[in-house]
Amino acid sequence: MEGAFLFRRKMINNISSRKHTARKERLQQKHEAGFMSVQFPEVASIVINMMYNQRGIAKALQRTVNFFPSSYAFFRLDCLSKECVEGGFDLTQVITSMIENRKKAAKGELSCEGRDPAAGHSEIAYEVAIQYT
Ligand SMILES: [Zn+2]
């Protein structure tokens, strides 16, 4: 019994330190992405509206994320699952191709890229709205 308890504690410690490392890496990537005003000077604002669905949680969560010229041009959103490591939803492709085509609106769905605890544990339905200067 005690062995199992210790094993579980070790697992939890492991996950939280991996999460910590992942968070630090994420911060680094964010800084490397640079500012919106530099990367996409033609963009006045970006609004991402999403419904977040996590397996085992009945109620979908609504989230809105705004980007302005002073924001980092980093379009990777975190997975809200506590156990999820290195997960998230990458809207970089969607948004950069929208900007290239000066598209104002797009919608779609994405699954979390995290490998833990299992693929398909969460997904989002998103809508992106971009305003140009
Ligand atoms: Zn996840």
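**A zinc site and its surroundings**

Visitor: What shape does the site of the zinc ion have, going by the angles among its four donor atoms?
Guide: Those angles run from 104 to 112 degrees. Four donors get the label tetrahedral if all angles lie between 85 and 135 degrees. So, with its angles inside that range, the site of the zinc ion is tetrahedral.

Visitor: What kind of model are we looking at, and how are its residues numbered?
Guide: It's a predicted model, where local features need pLDDT of at least 70 and side-chain atom pairs count only at pLDDT 80 or more, while totals for chains, interfaces and linings use all residues. Side-chain values use heavy atoms, without hydrogens and water, and residues are numbered along each chain, as its sequence is written, from 1.

Visitor: Which residues coordinate the zinc ion?
Guide: A donor is an N, O or S atom within 2.8 Å of the metal (3.2 Å for Na, K and Ca), and since water is not among the atoms, sites may look incomplete. Here the contacts sit at 2.1 to 2.3 Å. Three go through SG atoms and one through NE2, and the residues are Cys 79, Cys 84, Cys 112 and His 121.

Visitor: How are the donor residues of the zinc ion spaced in sequence?
Guide: Start at Cys 79 and Cys 84, then go on to Cys 112 and His 121. Write an x with a count for the residues in between, and the spacing reads C-x4-C-x27-C-x8-H.

Visitor: Is Cys 84 buried or exposed?
Guide: Here's the rule: buried means under 20% relative accessible area, exposed means over 50%, and partly exposed is in between (1.4 Å probe, protein chains only). Cys 84 has a relative accessible area of 4%. Because that is under the 20% limit, Cys 84 is buried.

Visitor: And what about the other zinc-binding cysteines, Cys 79 and Cys 112: buried or exposed?
Guide: Cys 79 has the label that Cys 84 has, since both are buried. For Cys 112 the relative accessibility is 7%, so Cys 112 also counts as buried.

Visitor: How many disulfides are there?
Guide: A disulfide is a covalent bond between the sulfur atoms of two cysteines. To be counted, a pair of cysteine sulfur atoms has to be within 2.5 Å. By this rule the count is zero.

Visitor: What pattern do the helices and strands follow along the chain?
Guide: Both come from DSSP runs, numbered from the N terminus: helices are H or I with at least four residues, and strands are E with at least two. The chain has three helices and six strands. Read along the sequence, the pattern is α-α-β-β-β-β-α-β-β.

Visitor: How much of the chain counts as buried?
Guide: Ile 48 in strand 1 (residues 43-54) is one buried example, with a relative accessible area of 0%. Now take the 133 residues of the chain: the share that counts as buried is 31%.

Visitor: How far apart in space are the C-alpha atoms of Ile 48 and Ala 105?
Guide: Along the chain, these two are 57 residues apart. Going C-alpha to C-alpha instead, the separation is 9.9 Å.

Visitor: How far is Val 38 from Pro 69 in space?
Guide: Val 38 sits in helix 2 (residues 36-39) and counts as exposed, at 59% relative accessibility. In sequence, Val 38 and Pro 69 are 31 residues apart. In space, C-alpha to C-alpha, they are 8.0 Å apart.

Visitor: What separates the C-alpha atoms of Glu 83 and Ser 16 in space?
Guide: Glu 83 is in the loop between strand 3 and strand 4 (89-90), and at 45% relative accessibility it counts as partly exposed. Glu 83 and Ser 16 are 67 residues apart along the chain. Their C-alpha atoms are separated by 8.5 Å.

Visitor: What phi does Glu 86 have?
Guide: Glu 86 is found in the loop between strand 3 and strand 4, and its 39% relative accessibility makes it partly exposed. Although Glu 86 is not a glycine, its phi is positive, at about 60 degrees.

Visitor: Which loop holds Arg 102?
Guide: Arg 102 is also a residue other than glycine with a positive phi, near 50 degrees. Its relative accessible area is 46%, so Arg 102 is partly exposed. Its place is the loop between helix 3 (92-100) and strand 5 (105-111).

Conventions: Tetrahedral: all angles 85-135°; square planar, octahedral: opposite > 155°, others 65-115°.
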